[in-house]
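Visitor: Please take a close look at the ligand site in this model, and then at what lies elsewhere in the protein.

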Amino acid sequence: HCSRDGWEWTKQQGLRQGVPSIGVIHPPTRLPATTVVFDVIVAGAGYTGLTAARDAALAGLKVLILEARDRIGGRSWSSNIDGYPFEMGGTWVHWGQPHVWREISRYNMRDELEISQSYDGGVNHFTLASRDGNKSMSHPEEDALMESALDKFANVDGNSGRVIMPYPHNAGYNPEVWKYDKLTCRDRIDQIAGTLTADELCGLEGYLLMTSGSTIETMSFFEFLHWWALCGHTYRGCFEYLIKYKFRGGQSSFARKFWDEAVSTGNLSYAFNTPAAQIIDHGLEVEVVSKGGQMFRARRLLSAIPLNVLGTVGFTPELDAERTAAIKIGHLNQCVKVHAEILNKELRTWSGIDYTTSKLVYAFGDGTTPAGNTHIVAFGAMRNHLQPEEDIQETLKSVTALTSMDVDRLVFHNWHKDEYAKGAWFFPGRGFISSYHTALRARHGSIIFANSDWAVGWRSFIDGAIEEGTRAALEVIQELRKGKSNL
Ligand code: FAD
């Protein structure tokens, strides 16, 4: 089935909106014949909502999922085009991400991962578009450059950040760390500028933009340190954890496992294409009114809606001042992710960073399509922002600015314009986590808020979504269990 989400451009057919995905649920609605009060309504079927709905349904609760889109997966989904899953959002997973790995082993999917990069044959090099022209380096030279730059950047304590943030699943373990939430990444670069070579600075700036999808002048240095600590305080770790292992069948093949298991309980009802517009907490019951005017009732409401979208939903009683302020500020990430299917086989082993002029900053060979073509994935950020569907010639120019290539197909999802995401993965500005993290995690009467955007561990990752869905489901199960002996 074809989703409304996503775009595809080919030389032959031009630009088309909507791409096929195994994440599309058809038929889109399964509701009881008569009006019922559900145990819990889960608003949002990304990994947070899918995990929560599955766990609650497995525990015997009557669950209703309300999802604005026509598909599961939220910010992580794959398009199935000519037998190949282009990843539109969240992609890479790792066994060091505890919640993700628990699910991968639980669903027996260990054999379904593959490695994105290849260093076998072809050009086998890295291009750095630096301020004094394009440079070609070997991949080991690329690693050495990035390792040196990132380590200087993160080394605030003489031990590569291990003293300041020893334990990222309790980021404030050393309370000294909070002072770094007062800094942006630009502030930190200014502190170490004299120690970086011109190439290191270029590589670092490109890398930071890929991390945050925002601007170096606004992104929080604390949040970067959190990622760095999660990745074992090394550049090697960042590479291994963040961009190496992905599902051969695409993210939607993973999301389907959660979905199919939840459906198999017989306890799940659902309505896709049904955005929650008003959420009214009456105390013993919560009422949800959809954008189309349908009404649903449950004993608890679990909102798995992302931070940047929460402002579009009305809550009664009103949300507290702190959460309201956090929603108003939102997160900064407006990453642009563009896939290119190209005829140049030799570029399968290529990677590149262009921090100078291109609207796409970081790119690398990500796979080989069934047609035998190379698949390149490219990332851009808020700085020098690209709206890929608005001007395909500009997008092609941005893709080929990194290195020349013969593009046959482009595939992308414009997360910036997506009204149910309003951005990509969570990345905050300075001070945001110190000021609002606790408020975002708090509940609001019978409404529980869960999303990767305010997870504790792998915040902003798929792992964080599963962490949050697990937490929220347990909270609801334990509360409702008190009143029901058969659960
Ligand atoms: P979401 O996935 O955003 O789910 C929220 C759901 O709520 C959506 O389905 C949305 O449609 C729905 N919704 C919104 N409003 C309403 C409403 N009013 N009513 C009902 N439903 C509503 N993570 C990784 O681990 N690895 C990666 O490689 C990686 N790369 C990424 C690349 C990109 C381009 C993007 C965008 C994200 C990436 N991420 C990655 C992050 C990861 O995708 C997210 O952190 C994670 O998927 C968030 O899951 P979630 O369920 O918390 O939120």
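Guide: The ligand site comes first, followed by a lysine and the aromatic rings.

This is a predicted model, in which local features need pLDDT of at least 70, side-chain atom pairs count only at pLDDT 80 or more, and totals for chains, interfaces and linings use all residues. Residues are numbered from 1 along each chain as its sequence is written, and side-chain values use heavy atoms, with hydrogens and water left out.

The ligand is surrounded by 35 residues, where a residue counts if one of its heavy atoms lies within 4 Å. The closest are Thr 48, Glu 67, Arg 69, Arg 75 and Ile 462. By type, the shell divides into 19 nonpolar, twelve polar and four charged residues; Ala, Val, Leu, Ile, Met, Phe, Trp, Tyr, Cys and Pro count as nonpolar, Asp, Glu, Lys and Arg as charged, and the others, Gly among them, as polar. Helix H1 (47-58) and helix H13 (462-481) each supply at least two residues of this shell; helices are DSSP runs of H or I with at least four residues, strands are E runs of at least two, and both are numbered from the N terminus.

Oxygen atoms of the ligand have polar atoms of the protein beside them. A polar side-chain atom of Glu 67 lies 2.6 Å from a ligand oxygen, and one of Thr 48 lies 2.7 Å from a ligand oxygen. For Ile 462, a backbone N or O atom lies 2.8 Å from an oxygen atom of the ligand. Taken alone, the ligand exposes 1000 Å², of which the protein buries 98%; accessible areas come from the Shrake-Rupley method with a 1.4 Å probe.

Lys 246 sits in strand S11 (residues 245-247). Its relative accessible area is 2%, so Lys 246 is buried (under 20% relative accessible area, 1.4 Å probe, protein chains only). A polar atom of the Lys 246 side chain lies 2.8 Å from the backbone oxygen of Asp 366. Lys 246 also touches other residues (heavy atoms within 4.5 Å), including Glu 112, Glu 114 and His 375, with residues up to four places away in sequence not counted.

Aromatic pairs number 29, a pair being rings of Phe, Tyr or Trp (its six-membered ring) with centres within 6.5 Å; planes under 30 degrees apart count as stacked, over 60 as edge-to-face and the rest as tilted. Phe 432 and Tyr 436 form a tilted pair, 5.3 Å centre to centre with 55° between the planes. Because Phe 432 and Tyr 436 are four residues apart in helix H12 (residues 432-441), about one helical turn separates them. Both Phe 432 and Tyr 436 are buried. Ring pairs also link Trp 92, Tyr 207, Tyr 235, Tyr 362, Phe 364 and Phe 379 into a cluster.

How values were computed:
Polar contact = N/O pair within 3.5 Å; in protein donor to acceptor, adjacent residues only side chain to side chain. Buried < 20%, exposed > 50% of the residue type's maximum accessible area, 1.4 Å probe, protein only.
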